[in-house]
Amino acid sequence: MAPHQFEVDLNLPKGAKGTLRLYITDPDSFQGGRKETITVGGDTVGTFENFQHGCWIDVPVSAEKTADGKLSIQVANARKGSNAVLSNIIWLEQ
């Protein structure tokens with residue numbers, strides 16, 4: 001893992017499927033505003049910026065992604081001199 005990113009591993013029931021809800025916010029526009037790339041289960045969800053008022057990101061998760069009972073979330077800083085944030089994680093099982 002690169003020094004400009006962090007990772008969160010969720011423990012879920014094996015083969016669980018559902019929606020992962022992530023909330024990011026940048027209320028202080030640190031170093032000109034944050035910009036970050038989010039990856040869930042090895043798939044890039046997107047690169048986000050200008051989320052000073054907060055942003056919910058809904059990620060559908062298939063049973064294949066949680067076959068081993070784990071789901072990885074990586075958040076990488078995409079702007080030099082800033083840092084990455086993740087404010088809330090919600091799992092909605094189907």
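Let us begin at Thr 19, which stands opposite Pro 60 in strand S5. Please keep in mind that we are looking at a predicted model. The two strands concerned are S2, covering residues 18–24, and S5; they run antiparallel and are joined by seven bridges.

As a reminder of the principle, the strands of a sheet pair through backbone hydrogen bonds, in either a parallel or an antiparallel manner.

Which order do the strands of this open sheet follow? The order is S5-S2-S7, three strands with antiparallel pairing. Strand S5, residues 55–61, and strand S7, residues 88–93, are at the edges. Each of these two has a single partner strand, and therefore one side of each is left without a neighbour in the sheet. From one strand to the next, the twist averages 20°.

I now turn to strand S6, which spans residues 70–77. How many of its eight residues are buried? Six of them are, so strand S6 is largely enclosed by the rest of the structure. For this statement, a residue counts as buried when its relative accessible area is under 20%.

Next, the partners of S6. Strand S1, residues 5–11, pairs with S6 in the antiparallel sense over seven bridges. Within this pairing, Asp 9 has Ser 72 of S6 as its bridge partner. Strand S3, residues 35–40, also runs antiparallel to S6, and five bridges join the two. Here Glu 36 stands opposite Asn 77 in S6.

To close, I would ask you to locate two pairs in the structure above: Thr 19 with Pro 60, and Asp 9 with Ser 72.

Key:
Residues are numbered from 1 along each chain as its sequence is written. This is a predicted model: local features need pLDDT of at least 70, side-chain atom pairs count only at pLDDT 80 or more; totals for chains, interfaces and linings use all residues. Side-chain values use heavy atoms; hydrogens and water are left out. Two strands pair if DSSP finds at least two bridges between them. Helices (H or I, at least four residues) and strands (E, at least two) are DSSP runs, numbered from the N terminus. Axes are lines fitted to C-alpha atoms, for helices over the stretch in contact, and angles run from 0 to 180 degrees between N-to-C directions. Buried means under 20% relative accessible area, exposed over 50%, partly exposed in between (1.4 Å probe, protein chains only).
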